[in-house]
Amino acid sequence: MEKNLAKTYNPKDFEDRIYADWESKGAFKAKVDPDKKPFTIMMPPPNITGQLHMGHALDQTLQDVLIRWKRMQGFSALWLPGSDHASIATEVKVVDKIREEEGLTKEDLGREEFLKRAWQWKELYGGKITDQVRKLGNSCDWDRERFTMDEGCNKAVIETFVQLYNKGLIYRGNRLINWCPVCGTSISDAEVDHEDKNGLYWYFRYPGVDGGEDIVVATSRPETMFGDVAIAVNPKDERYKHMVGKKVILPIVGLEIPIIEDSYPDPEKGTGAVKITPAHDPNDFEVGERHHLERPCCINNDATMNSLAGKYEGMDRFECRKAWVAELEAEGYLVKTEEKVIPSGECYRCHTIIESMLSDQWFVSMEELAKPAIEAVKNKTVEHVPERFEKIYLHWLENIRDWCISRQLWWGHRIPAYYCDECGELMVQTIAPVTCIKCGSTKIRQDEDVLDTWFSSGLWPFSTLGWPEETEDYKYFYPTDVLVTGYDIIFFWVVRMVFAAIEMTGKAPFKHVYVHGLVRDGEGRKMSKSLGNGIDPLEVIDQYGADALRFMLMTGISPGNDMRFKIEKLEASRNFANKLWNASRFVIMNLQEENGDFKETPDITENIKLRDEDKWMLSRVNEAVRDVTNNLDKFELSLAGQKIYEVIWNEYCDWYIELVKGRLYGDDEADKVVVRAVLVKVLKDMLKMLHPFTPFITEEIFSYLPKGEKGADNPYGFLMKESWPIYHSESEYPEEVKKLELAMEVIKSIRNIRAEVEAAPSKKLRAVILAQGWELEEIKAGERYIKSLANITEILFTRDKGQVPEEVMSSVIGGIEVFVPLDDLLDYQAEFERLTKEKNKLEIEVSRLKDKLNNKGFVSKAPEKVINEEKEKQYKYEDMLIKVCSRLDIVSKKL
């Protein structure tokens with residue numbers, strides 16, 4: 001092994017090597033250990049069709065930070081990975097592959113052969129995303145990796161279905177469902193993307209029967225008129241009371257339909273009269289149920305019109321709309337057209353406008369299941385971070401409808417329902433029946449449909465641990481502790497996991513739901529293929545390293561809020577890693593003898609004679625341990641990351657190392673031992689705190705530091721298995737901290753004075769420090785630090801302002817004034833030339849602005865905002881010119 005870190009920080013040199021070392025030596029493996037508390041996170045399973053994207057990077061890094069932290073705190077920390085079979089998405093991929101390569105449809109192959117191809121596709125491509133996530137540094141227990149359609153998960157799904165069916169909580173019914181004509185399957189309410197779009201309302205006249213009074217109805221979907229069975233009006237609407245019970249004629253079609261009373265129509269909306277089409281609108285369906293209306297369907301599953309549409313049969317629904325409206329207008333039934341914002345529902349996967357259709361499907365009865373899931377949040381058994389997301393969760397559950405769980409697909413968990421072809425008996429059971437339980441027939445067929453993907457992923461927190469069996473893993477690691485998820489799938493997934501877990505296990509599946517936002521581009525737009533603004537995490541890792549990406553994501557996010565991906569932030573994170581690398585390299589270099597052996601570097605004990613700067617540094621890192629731990633406890637990962645950044649960059653690298661360099665290079669060998677001890681103690685604690693955020697660089701640096709004896713829990717000496725640092729109140733040194741930080745303020749003020757006049761840091765200066773009372777004594781104690789780090793040769797400490805030279809530059813820090821003589825700061829000839837150039841530039845700029853603002857043509861045409869901006873520039877440059885002339889006058893007198 002090399003004696004020190006490479007001269008240049010290059011993540012490619014060690015990230016893959018370190019991950020392979022961790023994984024091969026079982027560093028991620030969690031054990032059932034009665035002497036430890038468990039801490040469990042279930043990775044939201046990415047689709048097997050998926051490609052690692054920035055959302056995965058954010059979601060999984062959040063989980064890894066928490067799991068690495070808890071592991072270091074001594075928990076038996078399990079982060080269980082896996083992937084989702086993604087029913088619709090995978091079937092589409094496999095169907096496309098078969099069509100492109102063989103020119104066949106899935107029906108040509110038959111179900112059994114198609115499923116063979118689907119499993120082959122899964123084996124070939126399904127592991128791709130799990131290989132990709134390793135690049136992020138995820139410390140998952142890969143030995144426990146699961147798949148939503150593996151044997152154990154399938155057993156849990158079947159058991160859940162049968163139990164719910166036997167309790168009357170799953171039923172088969174002919175109800176209105178969301179139908180995607182492109183995917184060719186039903187989808188749940190949660191899988192519908194709702195968006196308001198600009199559209200039209202058409203007002204049509206329905207003639208009264210036998211010359212009776214007409215009624216006008218507004219609709220945004222004229223093509224569904226072929227399925228109208230009634231016109232509804234509100235019983236409180238006085239305009240229509242005399243018409244209730246009468247009939248009108250469906251225009252052109254000629255069908256007579258009744259006018260009924262129902263609370264659904266809003267008298268303030270449209271004409272107050274609503275056409276009722278139970279087979280194509282969920283609200284109309286409910287009205288139809290209340291009034292026992294027929295439910296004729298006029299649209300096919302492929303979104304073409306059926307025979308009810310007459311001559312429009314076979315026409316696409318939207319083409320039919322155009323032709324039908326034109327015919328109604330030509331026949332005089334169109335009263336008016338109105339532009340409106342209309343709610344639209346699209347399939348979340350293919351973005352086709354969904355169709356409300358009547359269909360025989362399987363449903364979960366949600367009313368009773370929702371109640372304990374609602375109570376779990378209200379009584380804080382399950383807590384959302386941030387808390388505001390509980391409103392979304394509760395709103396969804398309190399307004400939930402029965403969940404359609406059957407899908408007209410082949411890839412997925414096939415519904416364990418069996419039909420007897422002889423007597424029609426329905427059997428729902430965990431093991432396929434050989435004979436009918438009613439008539440004994442062997443002519444048994446299984447239901448063709450599969451379950452909604454979210455049915456199986458809703459069982460993920462416990463099915464992955466062996467349920468329904470009472471396995472050791474299930475008994476020890478369940479319930480889990482934290483679910484990390486995006487706000488966009490709270491109702492897709494979180495709600496379902498909670499009600500399923502409570503019903504099936506009697507326990508809520510997790511204590512905390514950490515909700516994060518989306519990663520948007522630099523302009524705040526959602527990343528998408530259509531915009532071409534997606535950023536590939538693998539490309540970022542290749543260029544900047546995984547640590548830089550992770551740290552940027554963690555310090556840029558706050559719970560529940562979106563973040564913007566900015567290259568500048570990524571570069572800043574890479575620069576931070578580089579700073580840490582170089583500082584660590586310097587420390588390691590000073591720890592080693594020529595032959596590579598470590599010099600004496602003891603632990604910090606009472607016997608070590610610490611100086612003020614040592615106590616300051618130990619105190620600052622001790623405070624960081626307290627603050628970072630508190631931040632992580634409250635899921636404030638960004639604040640924790642920023643605190644670690646500050647203590648490493650600002651305090652350790654910029655101050656402490658600079659303060660002790662002279663001691664490292666001095667002759668006092670005993671003091672060198674102290675410096676080395678503090679440098680190592682602090683660096684180790686900082687690496688431990690930073691490790692969950694940037695695991696690779698911290699592990700690599702740690703491998704070069706002196707270590708104690710390896711314990712049973714950490715036989716390979718990995719940093720990731722080290723103990724989390726603990727805050728000690730006795731390691732606070734308030735007096736020394738106050739003294740050091742006052743000296744630092746003085747040093748910063750002198751550096752600022754240098755910068756203002758562009759005096760080189762190497763230029764030696766004198767200083768006068770004016771203070772009264774105790775403050776003078778306080779600042780005197782920091783004299784050696786000020787001289788060393790501000791390059792000051794002589795300091796006059798005084799209470800008498802008369803001792804301050806006339807021509808100085810000054811700075812004020814509380815009750816302390818710092819003065820630096822101009823004679824020390826300036827090369828007067830060079831300063832005279834610099835100020836003269838600056839004066840000439842400003843005079844030209846002021847003159848230009850005056851001419852511009854005196855130009856009547858400009859003033860008359862330019863917007864007021866532009867004119868005001870030009871005036872502001874003029875005032876600013878005139879003020880700068882006055883100051884430069886004043887300085888120039890002083891300098892010229894010195895020549």
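Two residues are taken to be in contact when heavy atoms of theirs lie within 4.5 Å. With that in hand, a good place to start in this predicted model is Trp-410, which sits in the loop between β17 (406–407) and β18 (417–420). Leaving aside residues up to four places away in sequence, Trp-410 touches Glu-91, Lys-106, Glu-107, Gly-110, Arg-111, Phe-114, Leu-115, Glu-448 and Val-450. Is this tryptophan, Trp-410, buried or exposed? Its relative accessibility comes out at 15%, and the cut-off for buried is under 20%, so Trp-410 counts as buried. Glu-346 lies 64 residues from Trp-410 along the chain, and the C-alpha atoms of the two are 23 Å apart.

Next come the strands. In general, strands of a sheet pair through backbone hydrogen bonds, and they do so either parallel or antiparallel. One open sheet here is built from four strands, in the order β10-β11-β9-β12, with mixed pairing. Strands β10 (247–249) and β12 (273–276) stand at its edges and have a single partner strand each, so one side of each goes without a neighbour in the sheet. On average, and ignoring direction, neighbouring strands of this sheet are turned by 30° against each other. Within it, β9 (residues 230–233) runs antiparallel to β12, and four bridges hold the pair together. Val-233, for instance, has Ala-273 of β12 standing opposite.

Strand β23 (residues 512–516) makes parallel pairs instead. It pairs in the parallel sense with β15 (residues 383–385) over three bridges, and Val-385 is found opposite Tyr-514 of β23. Strand β22 (residues 482–486) also pairs with β23 in the parallel sense, this time over five bridges; here Val-482 has His-512 as its bridge partner. How much of β23 is covered, and how many of its residues are buried? Mostly covered is the answer, with four of the five residues of β23 buried. Helix α15 (residues 490–505) joins in as well: together with β22 and β23 it makes a right-handed β-α-β unit.

That helix turns up again around the empty space inside the model. There are two cavities of 30 Å³ or more, and the largest holds about 80 Å³ of space. Its lining consists of Thr-160, Leu-164, Leu-369, Trp-403, Phe-455, Gly-458, Leu-459, Arg-496, Phe-499, Ala-500, Glu-503 and Met-504. Two or more of these lining residues come from each of α7 (151–166) and α15. Which element gives the most to the lining of the largest cavity? That is α15, with five residues.

How values were computed: Residues numbered from 1 in each chain as written. Predicted model: local features only at pLDDT ≥ 70, side-chain atom pairs only at ≥ 80, totals over all residues. Heavy atoms only, no water. Pairing = 2+ DSSP bridges. Axes fitted to C-alpha atoms, helices over the stretch in contact; angles between N-to-C directions. Buried < 20%, exposed > 50% of the residue type's maximum accessible area, 1.4 Å probe, protein only. Right-handed = clockwise from strand over helix to strand, strands pointing away. 1 Å grid on protein atoms, 1.4 Å probe; cavity = no way out; pocket = protein on both sides within 12 Å on 5 of 7 lines; lining within 4 Å. Points joined across faces, edges and corners; volume = space filled by probe spheres on them.
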